[in-house]
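Reader: I am new to this structure and would like a close look at one part of it. Please start from a single residue in a loop and work outwards from there.

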Amino acid sequence: MRQHCALKHGIFKEFLAEFLGTFVLVLFGCGSVAQTVLSRNTLGEPLTVHIGFSVGLMMASYVAGGVSGGHVNPAVSLAMVILGKLKIWKFPFYVIAQFLGAFAGAAAVFGLYYDAFMDFTSGILSVTGINATGHIFASYPARHLSVLGGFIDQVVGTGMLVLCILAIIDGGNIGAPKGVEPLAIGLIIMAIGVSMGLNCGYPLNPARDLGPRLFTAVAGWGMEVFSTADYWWWIPVAGPMVGGVVAAVIYYLLIELHHHRDEPEKPHEEEEEEEEDEEDEDSSLKDKYEMITMS
């Protein structure tokens, strides 16, 4: 009974950590986009958005890393399940916490900038048009991007994110100094943002994209957030999950599998050696005793 309560308490702590970490990520990330868009680029630009998401992920890792690992991304959690670093029964709890945290983060951004939204849009919240604001919360494709191109974009982008995260936390690799891992992980997002952001803004995270998208659907933007761009919404959900799995397999096969591991001595072999030593000592003592008695 006590063990069962401890187990429940443990997953509850991890649930709260993932929720709060994802909340921090979305608040800083989507908040940086909101400031840029609503100020009509006078108080922000693409670089500030990259900084917002990079620092947001870094802070999210610091907030949740010591409790849950700071995944804040279902694609990362799935990769950890594949590699045996996260128990599969915990996966649904992590994903639910991440989606709820992202939804709450989007709500916080909307509340924080509510007056600015009303001024910018004249009270008409839309996904397309000159005063569109839906892209503040979720990703939408550029005009040149096809469905296949978008899917590949998300597989590659998320794959690089997960691949680099695995390298940073790998004790058998160079890794990062203890406590510096979140900083290194934040720099991954910066690198992806400045190199792979043209097509659809590098969502790379099903929770970070779908959670805020659900919020916009109920907060006034309507179902247009799902139907726009030939129902684009599923691409930043499915693509990252595939990318996370592919990256986990690649890193394991090409890097982690080849780490040198010292095989520990088997306990039963040590016991056999100790028994042989004891037998040798007993036989030597017996011989000495016989020599003494004969003399």
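Author: Val72 has a relative accessibility of 1%, so it counts as buried. The model is a predicted one, and every value here is computed from it. Val72 sits in the loop that runs between helix H2 (46-68) and H3. Its phi is near 45 degrees, which is a positive value in a residue other than glycine.

A second loop residue can be described in the same terms. Leu204 is in the loop between helix H7 (181-196) and H8. Its phi is also positive, near 60 degrees, and Leu204 too is a residue other than glycine. With 3% relative accessibility, Leu204 counts as buried because the limit for that class is under 20%.

The loop of Val72 leads to H3, so the next step is that helix. The axes of helix H3 (residues 74-82) and helix H6 (residues 147-169) come within 10 Å of each other and cross at roughly 55 degrees. At that angle H3 is oblique to H6, because it falls outside the range from 65 to 115 degrees that counts as roughly perpendicular and is not under 35 degrees either. The crossing of the two helices is right-handed. On the H3 side, the contact is made by Ala75, Val76, Ala79 and Met80. On the H6 side, Thr158, Val162, Ile165, Leu166 and Ile169 take part. Sorted by class, this contact has eight nonpolar residues, one polar residue and no charged residues.

From H6 the path goes back to the loop between H5 and H6, where Thr133 has its place. Thr133 has 0% relative accessibility and therefore counts as buried. Setting aside neighbours within four places in sequence, Thr133 is in contact with Leu38, Phe117, Phe120, Thr121, Leu125, Ser126 and Trp221. Val37 is 96 residues away from Thr133 in sequence, yet the C-alpha atoms of the two are 7.6 Å apart.

Two of the contacts of Thr133, Phe117 and Trp221, also belong to ring pairs. The structure holds 13 aromatic pairs. In one of them, Phe110 and Trp221 are edge-to-face, with 5.6 Å from centre to centre and 70 degrees between the planes. Phe110 lies in helix H4 (residues 91-112) and Trp221 in helix H8 (residues 206-221), so this pair ties together parts that are 111 residues apart in sequence. Phe110 and Trp221 are both buried. The rings of Phe117 and Phe137 have centres 5.8 Å apart and planes at 15 degrees, so this pair is stacked. Here Phe117 belongs to helix H5 (residues 114-121) and Phe137 to the loop between H5 and H6, so the parts tied together are 20 residues apart in sequence. Phe117 and Phe137 are buried as well. Ring pairs join these four residues with Phe103, Tyr114 and Phe215 into a cluster.

As for the setting of these parts, the protein chain has eleven helices and zero strands. Of its 295 residues, 43% are buried. Among contacts between residues at least 6 apart in sequence, 77% join residues at least 24 apart.

Terms used
Residues are numbered from 1 along each chain as its sequence is written. This is a predicted model: local features need pLDDT of at least 70, side-chain atom pairs count only at pLDDT 80 or more; totals for chains, interfaces and linings use all residues. Side-chain values use heavy atoms; hydrogens and water are left out. Axes are lines fitted to C-alpha atoms, for helices over the stretch in contact, and angles run from 0 to 180 degrees between N-to-C directions. Helices (H or I, at least four residues) and strands (E, at least two) are DSSP runs, numbered from the N terminus. Angles under 35 degrees count as roughly parallel, over 145 as roughly antiparallel, 65 to 115 as roughly perpendicular and the rest as oblique. A crossing is left-handed if the near helix is turned anticlockwise from the far one by less than a right angle, and right-handed if clockwise. Contact means heavy atoms within 4.5 Å. Ala, Val, Leu, Ile, Met, Phe, Trp, Tyr, Cys and Pro count as nonpolar, Asp, Glu, Lys and Arg as charged, and the others, Gly among them, as polar. Rings of Phe, Tyr and Trp (its six-membered ring) pair if their centres lie within 6.5 Å; planes under 30 degrees apart count as stacked, over 60 as edge-to-face and the rest as tilted. Buried means under 20% relative accessible area, exposed over 50%, partly exposed in between (1.4 Å probe, protein chains only).
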